[in-house]
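Biologist: Mind walking me through the labels on this one? I'd like to hear what stands behind each term.

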Amino acid sequence: MKILVTGASGYIGGRLVPLLLEAGHEVRCATRREGGLRGHPWAGRVETVVADVLDGEAIGRALRGVDVAYYLVHGMASGPGFAQRDRRAARTFALAAAQEGVGRIVYLGGLASGGRLSPHLRSRAEVGRILLEGPVPAIVLRAAVIIGSGSASFEMLRYLTERLPVMVTPRWVDTRIQPIAIRDVLRYLAACASLPGRIDRAFDIGGPDVLTYRQMMRRYAAVAGLPRRVIVSVPVLTPKLSSYWVGLVTPVPSSIARPLVESLRTEVVCAEHDLSRLVPDPPGGLLGFDRAVELALRRVREADVATRWSSAAVPGRPSDPLPTDPDWAGGSLYVDERVVRTAAPREAVWRLVEGIGGQSGWYSLPVAWRLRGVVDRLMGGVGLRRGRRDPYRLRPGDSLDFWRVEEVSPADGLLRLRAEMRLPGLAWLEWTVGEEGGLTVLRQRAIFHPHGLLGHLYWWSIAPFHALVFGRMPGNLAAAAMRGRVRRVSTRVGGGV
């Protein structure tokens with residue numbers, strides 16, 4: 001069948017697309033910006049169209065000729081008015097799908113079985129109702145906490161448990177939850193494309209275990225080989241305070257942590273398992289919590305995480321390309337450029353450039369980088385804790401600490417990062433690695449486009465630190481490449497002797 005996947009650059013969509021391709025379907029992916037899917041290993045096997053779900057005309061073109069459409073878009077952490085935007089986007093999508101004769105819509109929503117719903121869960125439920133009430137038959141899958149390498153829920157659970165042997169927590173740690181493994185979610189989603197007949201209803205999906213968050217943290221600790229965690233719940237921590245705490249302790253920023261925390265106050269247990277009649281459980285049954293954690297940790301340790309919660313761009317952050325076109329002519333643009341020449345091989349220098357950030361650091365004043373990350377977190381930004389998806393390789397769209405990879409080309413020796421920290425303007429950091437006169441040439445540019453007077457003041461206030469931070473980076477990268485070369489030569493000589 002011909003299938004459209006929206007949200008293909010996100011955590012779920014990026015993993016669902018290859019499964020649909022393996023099943024023999026023809027896949028079209030809708031992305032909000034040109035080149036948004038470059039770097040994904042399956043990008044050359046799909047048709048890519050640029051379309052925003054809020055643009056009825058554009059999404060209509062994307063839906064043309066499609067049999068099944070996956071709606072994997074939601075506005076979590078996109079700021080005030082997210083529910084209204086979600087509502088408008090769902091209605092636009094449902095109407096466009098009907099006009100283009102789409103046979104089925106598949107949506108992954110949130111599970112809620114009791115209590116007052118959080119704004120996030122309420123919006124997810126509303127989107128599901130809009131799609132079910134529309135003229136196109138819809139299958140709405142409702143899931144609670146998804147356990148898988150790179151998911152926001154798993155990262156929150158992982159870092160809270162690993163970093164805090166003793167925790168003072170809100171009362172929501174005793175709310176019942178039915179988590180589900182990412183591979184079971186993907187199996188259900190992929191199967192929905194081929195289900196026979198006109199199915200137009202919602203299904204609850206969950207794993208075999210019903211646990212409290214307290215039990216999940218303790219069982220995570222057991223699987224990870226950590227000592228038993230001491231967890232004390234108190235009634236005074238509000239979701240807002242809890243989200244700030246999560247934002248400080250884990251890589252998940254408070255803007256994303258808050259809707260997750262608010263959702264944990266609501267019991268999320270499946271009321272039915274009807275989908276198993278249409279999509280039978282695998283021979284060994286659905287994955288239990290412990291096994292799902294074990295598989296997720298193995299992926300993390302082997303650096304084999306296909307997508308992460310940060311795969312999708314941070315809502316509210318600009319996605320403007322580097323300002324090189326005429327539209328920027330006449331505007332203020334500050335550039336800090338540095339050039340270093342070295343005898344280190346080009347490949348060695350590039351390897352370090354592509355491996356920058358995350359555990360490798362930024363090759364200049366680690367304290368200054370950490371301080372900037374802390375300041376960004378306090379301002380509600382993502383900070384430095386997002387790290388990298390892969391310690392050695394980057395692809396366009398990857399998150400890299402508080403940057404986003406805008407362009408990476410090993411053949412051209414080009415890496416360009418776009419800032420996603422809180423700034424009064426737009427910023428980029430770019431490296432090119434080339435060769436001139438028998439030497440490797442490393443060029444580095446820091447580029448800033450200020451917004452208003454505050455943007456100009458910001459640039460000039462930090463200008464004195466540029467020599468300390470940006471000035472040292474290319475030289476330290478070149479020196480590290482030379483040290484690596486010397487070590488390799490020494491190893492070869494020693495082995496020969």
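Modeller: Sure, let's begin with accessibility: buried means under 20% relative accessible area, exposed means over 50%, and partly exposed is in between, using a 1.4 Å probe and protein chains only. Keep in mind that this is a predicted model, where local features need pLDDT of at least 70, side-chain atom pairs count only at pLDDT 80 or more, and totals for chains, interfaces and linings use all residues. Residues are numbered from 1 along each chain as its sequence is written, and side-chain values use heavy atoms, with hydrogens and water left out.

Biologist: Why is Y363 called partly exposed?

Modeller: Its relative accessible area is 22%, and partly exposed runs between 20% and 50%, so Y363 gets that label. Y363 sits in the loop between α12 (346–354) and α13 (366–378), and has a positive phi of about 60° although it is not a glycine. Helices here are DSSP runs of H or I with at least four residues, strands are E runs of at least two, and both are numbered from the N terminus.

Biologist: What makes D401 count as buried?

Modeller: D401 has 3% relative accessibility, and the cut-off is under 20%, so D401 counts as buried. D401 is in the loop between β15 (399–400) and β16 (403–409), and its phi, near 55°, is positive in a residue other than glycine.

Biologist: On to the aromatics: how many aromatic pairs are there?

Modeller: Rings of Phe, Tyr and Trp (its six-membered ring) pair if their centres lie within 6.5 Å; planes under 30 degrees apart are stacked, over 60 edge-to-face, and the rest tilted. By this rule there are 11 aromatic pairs.

Biologist: Why is the pair of Y71 and F93 called tilted?

Modeller: The centres are 4.8 Å apart, so the rings pair, and the planes are at 50°, so the pair is tilted. Y71 lies in strand β4 (residues 68–71) and F93 in helix α3 (residues 82–99), so the pair ties together parts that are 22 residues apart in sequence. Y71 is buried at 2% relative accessible area, and F93 is buried at 0%.

Biologist: And what makes Y71 and Y107 a tilted pair?

Modeller: Their centres are 5.9 Å apart and their planes at 45°, so this pair is tilted. Y107 is in strand β5 (residues 104–110), so the link from β4 spans 36 residues in sequence.

Biologist: How many disulfides does the structure hold?

Modeller: A disulfide is a pair of cysteine sulfur atoms within 2.5 Å, and the structure holds zero.
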